[in-house]
Amino acid sequence: MPDPVNRVADLVAKIDERRAKVVVVGQGYVGLPVALRATEVGFPVVGYDVDPARVDALAAGRSYVEDVPEARLAAAKAAGYLPTHDPNDLREFDVAVITVQTPLRENIPDLSFIESAAGVLAAWLRPGALVVLESTTYPGTTDELLRPILEAGGLRAAAGDFFLGYSPERIDPGNAEWTFVNTAKVVSGYDAHSREVVEAFYGALVDKIVPVGSTGEAELVKLLENTFRHVNIALVNELAMFARDLGVDIWSAIDAAATKPYGYMRFTPGPGVGGHCLPVDPAYLAWRVERRIGQRFRFVELANDVNRGMPEYVVARIAAMLNEERRSVNGSRILLLGLAYKAGTSDWRGAPSMIIAERLRELGAEVRAHDPLVPADAPLGPPVTRVPCSEEELAAADLVVLCVDHAELPYDDIVDHARLVLDTRGRLRGMGFRGETL
Ligand SMILES: NC(=O)c1ccc[n+]([C@@H]2O[C@H](COP(=O)([O-])OP(=O)(O)OC[C@H]3O[C@@H](n4cnc5c(N)ncnc54)[C@H](O)[C@@H]3O)[C@@H](O)[C@H]2O)c1
């Protein structure tokens, strides 16, 4: 029987020589870039997903992740990347990376996707293989939830039969400067043996790895990062509302504060947070804290409260601006610009503009919307009429709301043709537009 030390050496050699078969479970916004990068550095890679539509798209060379150009997908496929929904393709894996979604169900972490991914991997787990979880989750998941499922067949992580790790994903959709490769990657292992193979694997994929002491620490890193962001956005959002009532320009104050070279980090107000990270991840941490130690995570609760109230605040501001014009929301034509949850992405999941659109419709507005990145057939939820951002549409709207400051929007046209604008991102400041910032 080879001991763990030999198993480590074997797997590290397979990784170094690019003989290790890598499987990535979940080919979404996180999993697809991981699978392609692993292919590009020379591993044989299987991208496994239970969604046949996604697998068919990848097999046909169509990318649904904007940071993954189709030419890159084509090159990866030519190099052997195999998208599949057949679990048999996972056989004899050496390294498995789990990148499935971790949503909330009625405000409670839903780890069923990790459970089912682990179940499929357990069926193929061999001595000496490595499983790494990348999905965002609360501290303790890798050890308490994932490990027992993988051990059901009799192999033991503690005995060094197989290796286990956690490495949070830091991908920032739409960010061309900080990519999967040049963003330092936090890595961890169940024990020292596991950490060694995890380090070898990610060391092959990214420029810099940051090893931490335990999987729980690595799990906390991700939640700390996103809770920090969530809380700071809530801070400037609340301050934006107060500053307006105080008659002070919050945007100028933020610009000036951001000139301090230490101890300050720039966050800007907006119509609320969306996507799959900020509205979800802090809740994972708060849930765990409450469950384990019976305490409420008050910062998270307060940040949720402020950020969730922002779409309603935007609607109130719209109503007030129309009122100034002797108009009501009821019967007004309102053009929303930007339906994604943030600039540079086509991802509309949980975007505040959806809530704003729905509320405006309930109040009787005629809501039209434009987004240069969100696909025209995206199942957005509230039925909004998608229109081009043309001079005619801009001029015909009683009010234009800039919800997302995509670089692709025609800002000069907005300034020239919109009759009244609510700029929730501060993008039009200094451009002489008719309207208000948030
Ligand atoms: N998208 C981001 O910007 C981002 C950034 C950092 C971390 N994360 C985290 O990474 C994880 C994945 O996020 P995402 O945005 O890629 O999600 P996603 O929904 O785009 O992708 C998840 C994929 O996993 C597939 N899947 C679900 N169960 C499966 C199973 N049992 N076997 C195989 N495939 C399965 C789904 O069909 C889907 O295609 C989440 O925990 C998320 O919080 C996301």
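Student: Which residues lie nearest the centre of the largest pocket?

Tutor: This is a predicted model. In it, Asp172, Arg229, Ile233, Leu278 and Lys342 lie nearest the centre of that pocket. The lining counts 30 residues.

Student: How much space lies in the largest pocket?

Tutor: About 1,100 Å³.

Student: And how does its lining divide into nonpolar, polar and charged?

Tutor: There are 12 nonpolar residues, nine polar and nine charged.

Student: OK, second largest pocket. What are its volume and its central residues?

Tutor: About 790 Å³ of space lies there. Thr99, Val100, Gln101, Thr102 and Arg349 lie nearest the centre, out of 34 lining residues.

Student: Which helix gives the largest share of that lining?

Tutor: Helix H5, residues 112–124. H5 supplies four residues. By class, the lining of the second largest pocket has 15 nonpolar, 10 polar and nine charged residues.

Student: Now closed spaces. How many cavities of 30 Å³ or more are there?

Tutor: Two. The largest holds about 70 Å³, and the second largest about 40 Å³.

Student: What lines the largest cavity?

Tutor: Pro168, Glu169, Arg170 and Ile171 are among the lining residues. Trp178, Thr179 and Phe180 also line it, as do Thr183, Ala184 and Lys185. That lining divides into five nonpolar, two polar and three charged.

Student: And the second largest cavity, what lines that?

Tutor: Tyr29, Pro33, Val65, Asp67, Ile171 and Pro173. Five of the lining residues are nonpolar, none is polar and one is charged. Ile171 is listed in the lining of the largest cavity and in that of the second largest.

Student: Switching to strands. Is E11 covered on one face or both?

Tutor: Both. Arg333, Leu335 and Leu337 are buried on one side, and Ile334 and Leu336 on the other. The strand spans residues 333–337, and five of its five residues are buried.

Student: What strand does E11 join, and which way do they run?

Tutor: Strand E12, residues 366–370. The two run parallel, with five bridges between them. Isoleucine 334 stands opposite valine 367 of E12.

Student: What do the buried residues of H12 pack against?

Tutor: Helix H11, E11 and E12. The buried residues of H12 are Pro352, Ser353, Met354, Ile356, Ala357 and Leu360.

Student: What follows H12?

Tutor: Glycine 364, with a positive phi near 100 degrees.

Student: Let's try threonine 424. Buried or exposed?

Tutor: Threonine 424 counts as buried because its relative accessible area is 0%, under the 20% cut-off. Threonine 424 sits in the loop between strand E15 (421–423) and strand E16 (435–437).

Student: What does its side chain reach?

Tutor: The backbone oxygen of leucine 402, at 2.6 Å. Beyond four places in sequence, threonine 424 touches nine residues' worth of neighbours including Trp251, Pro269, Val314, Cys403 and Leu438.

Student: Last one, tyrosine 411. Where is it found?

Tutor: In helix H14, residues 411–417. Tyrosine 411 is buried, with a relative accessible area of 5%.

Student: Which backbone oxygen does its side chain reach?

Tutor: That of aspartate 405, at 3.5 Å.

Student: And what contacts does tyrosine 411 make beyond four places in sequence?

Tutor: Leu402, Val404, Asp405, His406, Arg427, Leu428 and Met431. Leucine 428 is 17 residues away in sequence, with a C-alpha to C-alpha distance of 7.4 Å from tyrosine 411.

Terms used:
Residues numbered from 1 in each chain as written. Predicted model: local features only at pLDDT ≥ 70, side-chain atom pairs only at ≥ 80, totals over all residues. Heavy atoms only, no water. 1 Å grid on protein atoms, 1.4 Å probe; cavity = no way out; pocket = protein on both sides within 12 Å on 5 of 7 lines; lining within 4 Å. Points joined across faces, edges and corners; volume = space filled by probe spheres on them. Nonpolar A, V, L, I, M, F, W, Y, C, P; charged D, E, K, R; others polar. Buried < 20%, exposed > 50% of the residue type's maximum accessible area, 1.4 Å probe, protein only. Contact = heavy atoms within 4.5 Å. Polar contact = N/O pair within 3.5 Å; in protein donor to acceptor, adjacent residues only side chain to side chain. Pairing = 2+ DSSP bridges.
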